[in-house]
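Here are some friendly notes to read alongside the structure. Keep the viewer open and look up each residue as you go.

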Amino acid sequence: MPAVVLVGAQWGDEGKGKATDLLGSRVDYVVKFNGGNNAGHTVVIGDEKYALHLLPSGILSPGVVPVIGNGVVVDISVLFQELDDLNSRGVDTSRLLVSSQAHIITRYHRTLDQVTERFLGKRRIGTTGRGIGPAYADKINRVGLRIADLFDPKILRAKVEGALDQKNPLLVKLYNRRAFDVDLAVDELLAYADRIHPFVANTPLVLNQALDDGKTVLFEAGQATMLDIDHGTYPFVTSSSATAGGAVTGSGIGPTRVDSVIGVIKAYTTRVGEGPFPTELFDDMGVYLQKTGGEFGVTTGRARRCGWYDAVIARYSSRINGLTDLVVTKLDVLTGIEKIPVCVAYDVDGVRMDEMPDDQSDFHHATPIFEYMPGWTQDISGARELTDLPQAARDYVQYLEDVSGCRVSAVGVGPKRDEIIPIHDLIHARF
Ligand code: GDP
Ligand code: IMO
Ligand code: MG
């Protein structure tokens with residue numbers, strides 16, 4: 001039975017939560033393998049709307065075991081808040097498993113995230129301010145705290161002390177902030193230990209055994225390909241591996257176990273935060289997409305920058321992730337636009353580039369070369385098969401498939417669970 005990886009193919013907010021929810025009834029485990037509560041995944045079930053941040057969207061599917069993998073950074077206060085919110089809405093969260101090796105986001109990580117952004121000024125990343133970057137920096141610097149440390153107060157204290165020995169002088173001397181007190185930091189963390197203990201597990205072992213037993217496991221990425229620490233638009237990226245490879249290291253399964261990789265992609269493009277974005281619109285059309293698509297961040301409420309579909313990015317994502325299937329979302333948002341531009345290549349200082357430039361300056365200078373597709377005016381939110389779509393909408397989907405380097409296996413026509421056109425089965429063995 002398959003291991004399915006699901007990733008964002010653009011700059012995030014493609015509709016990964018909805019796509020995960022769609023598969024919820026057919027999978028046994030949903031694993032979050034990267035990122036933390038910088039993510040905001042929306043799931044709409046009937047009239048109920050849920051925003052998941054730290055928890056995988058699979059937590060909403062009865063019978064699914066939700067897993068927070070070792071590659072995630074966990075802000076435990078946020079985890080408890082999210083569990084409480086879901087419990088108060090009648091969602092059973094008792095099956096949750098949290099990796100003992102996942103790293104912890106502490107108060108000093110959040111502070112450092114916010115002060116470094118301010119310090120960067122014009123060069124800021126536009127982070128979510130949730131402490132993601134500093135927590136991953138500590139992990140790589142080998143001064144991080146892991147969930148397992150909560151259960152050994154002596155080790156925890158030694159590690160917090162070590163981390164603050166480095167950070168306090170920085171906070172005080174460079175950033176003009178107050179130092180963090182070791183005892184207070186340790187006490188705050190120890191107070192979480194009893195409540196989190198029942199959820200903590202050796203998740204790499206659990207997941208490998210589940211696959212051995214023929215269970216279906218879905219790996220749900222946070223963020224997206226263009227925000228990946230290695231493959232995104234560095235330095236305007238997040239600090240984790242948001243591409244398909246991250247599912248392997250971030251959960252402890254081998255690459256030979258992965259059967260398929262789904263890329264979720266909007267029928268246009270959005271981006272939150274700073275950084276280059278070749279198809280970005282600065283005119284009324286950008287505002288139109290923002291309003292019609294409801295393009296406001298689930299985590300920070302910031303307005304998302306909007307632009308046209310970028311096939312160079314789609315092909316890049318197909319390659320970097322080894323995509324087997326694309327889920328195109330928000331086709332309904334394009335209804336009523338007379339002529340829809342699709343970026344098929346870049347003009348970089350007078351030179352045509354068909355693939356993602358390797359040089360960061362080239363990408364910063366890239367302007368889109370568009371092809372234009374005829375639009376449609378009919379409401380498509382009721383379409384449940386390709387044949388229900390007006391011809392122009394079908395042609396648009398077919399065109400995206402032709403230029404994106406991967407087959408289109410489903411098309412979203414609205415935020416609700418059933419507002420989708422299935423084309424190919426999204427859960428399949430390797431081919
Ligand atoms: P994620 O971070 O990738 O899970 O995406 P977000 O939840 O941040 O943003 C996607 C938004 O688009 C949410 O508000 C979804 O409810 C909504 N959405 C998802 N698919 C569709 C679709 O096909 N059509 C429309 N109109 N909205 C959609
Ligand atoms: P989902 O999972 C869109 C962006 C931030 C910022 C950059 C770094 O909902 O698609 P960070 O706080 O991670 O250090 O910020 O990454 N970013 C996202 N943009 N969707 C997300 O998650 C994002 N998570 C982080 O806006 O530009
Ligand atoms: Mg989101």
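1. Let's begin with a question: which side chain does the side chain of Ser404 meet in a polar contact? Please keep in mind that this is a predicted model. The partner is Tyr309, and the polar contact between the two side chains is 2.7 Å.

2. Now place Ser404 in its setting. Ser404 belongs to helix H13, which covers residues 391-404. Is Ser404 buried or exposed? Its relative accessible area is 0%, and the cut-off for buried is under 20%, so Ser404 counts as buried.

3. Who else touches Ser404? If you set aside neighbours within four places in sequence, the contacts of Ser404 are Tyr309, Ala314, Arg315, Ser318 and Leu326. Three of these names are worth holding on to for the next point: Ala314, Arg315 and Ser318. They appear again among the buried residues of helix H11.

4. Helix H11 runs over residues 311-321 and is mostly covered. How many of its 11 residues are buried? The count is 9. They are Ala311, Val312, Ile313, Ala314, Arg315, Tyr316, Ser317, Ser318 and Asn321. As a general reminder, an α-helix has 3.6 residues a turn, so residues three or four places apart point the same way.

5. Do look at both ends of H11 too. At the N-terminal end, Asp310 acts as a cap, with a side-chain oxygen 3.0 Å from the backbone nitrogen of Val312. Just after H11 comes Gly322, which has a positive phi of about 60 degrees.

6. Next, please turn to ligand 1. Which residues are closest to ligand 1? Of the 19 residues around ligand 1, the closest are Lys16, Gly17, Gly40, Thr42 and Asp332.

7. You can then check some atom pairs yourself. One oxygen atom of ligand 1 lies 2.8 Å from a polar backbone atom of Gly17. On the side of its nitrogen atoms, ligand 1 has one 2.7 Å from an N or O atom in the Asp332 side chain. A nitrogen atom of ligand 1 is also 3.2 Å from a polar backbone atom of Gly414. On its own, ligand 1 has 580 Å² of accessible area, and the protein covers 92% of this.

8. Finally, where does ligand 1 sit? Its place is the second largest pocket. Helix H1 (16-23) and strand S3 (41-45) are the elements that give two or more residues to the shell around ligand 1. H1 supplies the largest share, 3 residues.

Note on methods:
Residues are numbered from 1 along each chain as its sequence is written. Chains are lettered from A and ligands numbered from 1 in the order in which they are written. This is a predicted model: local features need pLDDT of at least 70, side-chain atom pairs count only at pLDDT 80 or more; totals for chains, interfaces and linings use all residues. Side-chain values use heavy atoms; hydrogens and water are left out. Helices (H or I, at least four residues) and strands (E, at least two) are DSSP runs, numbered from the N terminus. Buried means under 20% relative accessible area, exposed over 50%, partly exposed in between (1.4 Å probe, protein chains only). A polar contact is a pair of N or O atoms within 3.5 Å; within protein, one must be able to donate a hydrogen and the other to accept it, and residues adjacent in sequence count only if both atoms are side-chain atoms. Contact means heavy atoms within 4.5 Å. A residue is near a molecule or strand if one of its heavy atoms lies within 4 Å of it. Accessible areas come from the Shrake-Rupley method with a 1.4 Å probe; for residues, only the protein chains shown count as cover. On a 1 Å grid over the protein atoms alone, a cavity is a set of points where a 1.4 Å probe fits but cannot get out, and a pocket is an open set with protein on both sides within 12 Å along at least five of seven lines; lining residues have an atom within 4 Å of a point. A molecule sits in a cavity or pocket if more than half of its atoms lie within 2 Å of its grid points.
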